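Let's take a walk through this structure together. Keep the 3D view open and follow along as we go from one part to the next.

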Amino acid sequence: MLLIYQIGIRFYYLMIVLASPFSRRAAAWLAGRREQAPVLPPVTGPESRTLWMHVSSLGEFEQGRPVLEQWRARFPHDRILLSFFSPSGYNLRKNSPLADQVFYLPLDTKKNMDTLVSRIRPDQFILVKYDFWPNLLDALNRHHIPCVLISARFRREQYLFTRLGRVFLRQLRCFRWIFVQDEGSSDLLKKQGFENTVIAGDTRVDAVMKRELKTVRLEDGKPVRPGGEGERKVLIGGSTWMAEEVMLARLWKSEEFRNLGKQWRLVIAPHDISEGHLVKIEELFPGETIRLSRAGISIQEALEGQFIILVDSIGQLSSLYSLADLAFIGGGFGKGIHNILEPAAFGLPVLFGPHWTKFGEAASLIDLGAAFPVSDYENFVLRIKKLCFDSEFRAESGLLAVSYMKSQMGSSDLIIRYLSGKW
């Protein structure tokens with residue numbers, strides 16, 4: 001299998017080269033690696049340690065961010081390196097102040113990884129979640145670099161636990177510690193003979209709560225909405241795709257919700273903010289939408305009107321949750337749900353489509369009664385009516401969401417204690 005992998009990784013590179021004239025993503029993948037490979041400096045030196053974190057893309061970076069923040073705060077003289085595999089993650093975080101150097105991970109060949117590890121010589125390597133590269137891990141192991149895996153989550157159906165995938169499962173023995181998100185992942189690894197697992201939870205919770213608790217106001221432990229109990233409520237569609245947007249449009253046009261619409265405002269923050277997609281959303285709500293960038297007023301002022309607010313720029317969604325009362329999160333009718341931790345941190349009950357089973361936080365919030373999966377439009381209507389009309393039920397669900405988030409804090413602190421030898 002490893003021989004097949006060595007051949008396959010070169011075939012993968014060939015496919016990227018062939019696709020690069022037609023794919024921006026492939027072209028960026030190649031260009032970034034060509035441009036920076038010669039300028040990556042050696043970072044060894046007696047004055048400080050070197051911490052190297054590798055992430056696949058932006059989502060994994062957000063999971064690793066709390067660990068980098070704590071490391072930077074506790075050991076300000078250490079050098080931090082951050083590598084990405086994906087151009088999308090690299091382009092958005094290449095100037096991150098958390099790292100002294102941000103770079104692309106080279107193609108995972110033995111020669112590339114031997115050269116890279118020899119030049120960097122890190123004192124500690126952190127891999128976030130699941131971006132396993134056999135030649136990278138082998139090079140780190142041969143150079144006796146301590147490695148840890150954080151925010152990992154394993155499921156029985158993953159390729160690692162198939163007959164063909166077991167050779168890659170053995171790569172996990174390169175890690176000194178494997179910090180998993182849940183007990184199920186720990187049990188699964190222990191059955192395979194791994195005793196180096198630590199249940200640490202999801203590091204994203206620390207990142208989200210650190211940011212959101214500065215914004216949300218609590219009274220008696222309950223989130224307080226800016227509108228108050230007697231004023232308008234806000235339903236937000238967060239990171240939605242067309243499937244969720246069609247359902248929201250159908251709901252908003254229904255007779256029952258027409259009456260409810262006098263009390264509720266609708267905000268849609270789509271995952272895709274391309275002009276073509278924004279126009280399609282506007283066609284679902286003819287004459288009823290206003291793009292936030294063109295409103296000329298603040299979001300708070302826009303919510304006082306009758307228009308459906310269409311958020312047409314990135315970076316605003318997390319702050320918008322502080323103004324909302326209920327969230328319908330996108331992705332659940334596609335490959336998988338988007339971030340539900342942010343609305344949960346603000347005390348919002350969350351709804352999402354049926355493809356949530358790969359997300360441990362979704363299962364936990366569902367069990368608590370703070371999240372509600374929907375399988376189709378009819379199921380969506382039943383769920384959302386209950387949450388809209390029953391204010392006590394909605395408030396209780398929101399409180400359960402916040403309680404869950406608070407109970408999951410501390411993952412990054414635990415990881416730092418292990419890495420610094422103070423557990």
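**A sheet, a helix pair and two unusual residues**

Let's begin with Ser239, which is buried, with a relative accessible area of 16%. Keep in mind that you're looking at a predicted model. Ser239 counts as buried because that label covers anything under 20% relative accessible area. You'll find Ser239 in strand 10, which covers residues 233-240. There's something odd about its backbone, too: Ser239 isn't a glycine, yet it has a positive phi of about 55 degrees. Why is that worth a second look? Most residues other than glycine have a negative phi.

Now zoom out from Ser239 to the sheet around strand 10. Here 7 strands form an open sheet, and if you read across it the order is 12-13-11-10-14-15-16, with parallel pairing. At the edges stand strand 12 (289-291) and strand 16 (371-373); each has a single partner strand, so one side of each is left without a neighbour in the sheet. From one strand to the next, the twist averages 20 degrees.

As for what holds such an arrangement together, strands of a sheet pair through backbone hydrogen bonds. Take strand 10 and strand 14 (residues 326-329) as an example: they run parallel and are joined by 4 bridges. If you'd like a spot to look at, Gly237 stands opposite Phe328 in strand 14.

What lies across strand 10? That's helix 10 (residues 242-253), which also lies across strand 11 (264-270), strand 13 (308-310) and strand 14. Helix 10 runs at about 165 degrees to strand 11.

Next, move over to a pair of helices. The axes of helix 5 (residues 110-120) and helix 6 come within 9 Å and cross at roughly 40 degrees, which makes helix 5 oblique to helix 6. Their crossing is right-handed. On the helix 5 side, the residues that meet helix 6 are Lys110, Met113, Asp114 and Val117; on the helix 6 side they are Asn135, Leu136, Ala139, Leu140 and Arg142. Sort the residues of this contact by type and you get 5 nonpolar, 1 polar and 3 charged.

Follow the chain on from helix 6 (134-142) and you come to the loop between that helix and strand 5 (147-152), which is where His144 is found. His144 has a positive phi as well, of about 60 degrees, although it is not a glycine. Is His144 buried or exposed? It's exposed, with a relative accessible area of 71%. So our two positive-phi residues sit in contrasting places: Ser239 is buried, whereas His144 is exposed.

Technical notes:
Residues numbered from 1 in each chain as written. Predicted model: local features only at pLDDT ≥ 70, side-chain atom pairs only at ≥ 80, totals over all residues. Heavy atoms only, no water. Helix = DSSP H or I, 4+ residues; strand = E, 2+ residues; numbered from the N terminus. Buried < 20%, exposed > 50% of the residue type's maximum accessible area, 1.4 Å probe, protein only. Pairing = 2+ DSSP bridges. Axes fitted to C-alpha atoms, helices over the stretch in contact; angles between N-to-C directions. Contact = heavy atoms within 4.5 Å. Parallel < 35°, antiparallel > 145°, perpendicular 65-115°, else oblique. Left-handed = near helix turned anticlockwise from the far one by under 90°. Nonpolar A, V, L, I, M, F, W, Y, C, P; charged D, E, K, R; others polar.
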